[in-house]
Amino acid sequence: MLESLSTRLARVVKTMKGEARLTESNTADMLREIRMALLEADVALPVVREFIAKVKERALGQDVVGSLSPGQALVGVVHRELANVIGADLGKEASQINLATQPPAIILMAGLQGAGKTTTVAKLAKHLIDTRKKKVLTVSGDVYRPAAIEQLKTVTGQAGAEWFPSTPDQKPVDIARAALDYARNHYFDVLIVDTAGRLAIDDAMMKEIAELHAAIKPIETLFVVDAMQGQDAVNVAKAFSDALPLTGVVLTKTDGDSRGGAALSVRHITGKPIKFIGVSEKIGGLEAFDADGFANRILG
Ligand code: GDP
């Protein structure tokens, strides 16, 4: 059983009683505990290092106010910094889907196979229908897995959106263009384009999605990543971020037992807001990302 960050910090806080300020020496133990806990929460090492450096800079020399002990003050610094790193400083609008364009607004989904792209397309369609009263069309550019096209058809139906057919003999760019024409001619507000994912990063996949992006110029390009992916999330996020101008991230499977450390890594690497989190397999299982709440979860 892993010890939560809060528990670890509480233990060190006790040993810091009676001291009036945060100093290099009394924060050292605390920073070591934070480092261990973040690594255990699967935050990537370079991200942990940078985070620790920031917390240290904020904390040192900070006068301890009122009834706070230096330890409690440091816990406060950690919480605030954690929330900021994952996006609290971006404000609530950051989690909105941008539809401010001539309709149909195109949303392109990117990510590895199994990350939750197809499921998220349907969740997002339902979200846009329910909360923003939009008319939504979906299409699959996954020409490698006919089952993926069928899966999108099924979940799109559950979402109450419309699905545009595609077949494995077509090119993804042609599929997307045909869907776009259909969306224009039938006055859709939004077109969500699902894409093929591989089990690991490969150049052909990146080239294909980059070409697709260039052809349809989506207003939103969302990187879908599995919260359970842990350390690997960094490499995957880097590859997608290098290949595509991402506009946001969807962190799926946060209902699993990961601490959510991937949120830090992915924010750090992409620099883009986490817009939504997946909280169940069900079609309603999508929530706007709340950085403060998520910071609490990482703290444990
Ligand atoms: P894709 O290959 O990226 O399109 O991934 P899928 O959408 O097919 O999802 C892969 C698996 O993850 C499916 O079994 C989904 O039901 C599941 N999944 C997707 N999002 C979530 C989520 O937020 N929570 C849970 N528990 N499962 C999810």
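What joins the side chains of Glu33 and Arg8? The legends below begin there.

This is a predicted model, in which local features need pLDDT of at least 70, side-chain atom pairs count only at pLDDT 80 or more, and totals for chains, interfaces and linings use all residues. Residues are numbered from 1 along each chain as its sequence is written, and side-chain values use heavy atoms, with hydrogens and water left out.

**View 1. Glu33 lies in helix α2 (residues 24-40).** Helices are DSSP runs of H or I, at least four residues, numbered from the N terminus. A polar contact of 2.9 Å joins the side chains of Glu33 and Arg8. Such a contact is a pair of N or O atoms within 3.5 Å; within protein, one must be able to donate a hydrogen and the other to accept it, and residues adjacent in sequence count only if both atoms are side-chain atoms. Glu33 is buried, at 15% relative accessible area. Buried means under 20% (1.4 Å probe, protein chains only). Leaving aside neighbours within four places in sequence, Glu33 is in contact (heavy atoms within 4.5 Å) with Leu5, Arg8, Arg11 and Val12.

**View 2. The ligand has 17 residues around it.** Each has a heavy atom within 4 Å of the ligand. The closest are Gly114, Lys117, Thr118, Thr119 and Asp255. Helix α5 (residues 117-132) gives the largest share of this shell, four residues.

**View 3. Three residues place N or O atoms by ligand oxygens.** For Gly114, a backbone N or O atom lies 2.7 Å from a ligand oxygen. For Gln151, a side-chain N or O atom is 3.0 Å from one. For Lys123, a polar side-chain atom lies 3.3 Å from one.

**View 4. The largest nonpolar core has 74 residues.** A nonpolar core is a set of buried Ala, Val, Leu, Ile, Met, Phe, Trp, Tyr and Cys residues joined through side-chain atoms within 4.5 Å. Ile34, Leu38, Ile86, Phe223, Phe240 and Leu251 have the most contacts inside this core. Helix α4 (residues 70-85) gives the most to it, with seven residues. Another core, of 25 residues, lies apart from it, with Ile149, Ile192, Leu222 and Val250 among them.

**View 5. Ser265 lies in helix α10 (residues 262-270).** Ser265 is buried, with a relative accessible area of 0%. Leaving aside neighbours within four places in sequence, Ser265 is in contact with Asp42, Val43, Ala44, Val47 and Val234.

Definitions and conventions
Helices (H or I, at least four residues) and strands (E, at least two) are DSSP runs, numbered from the N terminus. Buried means under 20% relative accessible area, exposed over 50%, partly exposed in between (1.4 Å probe, protein chains only).
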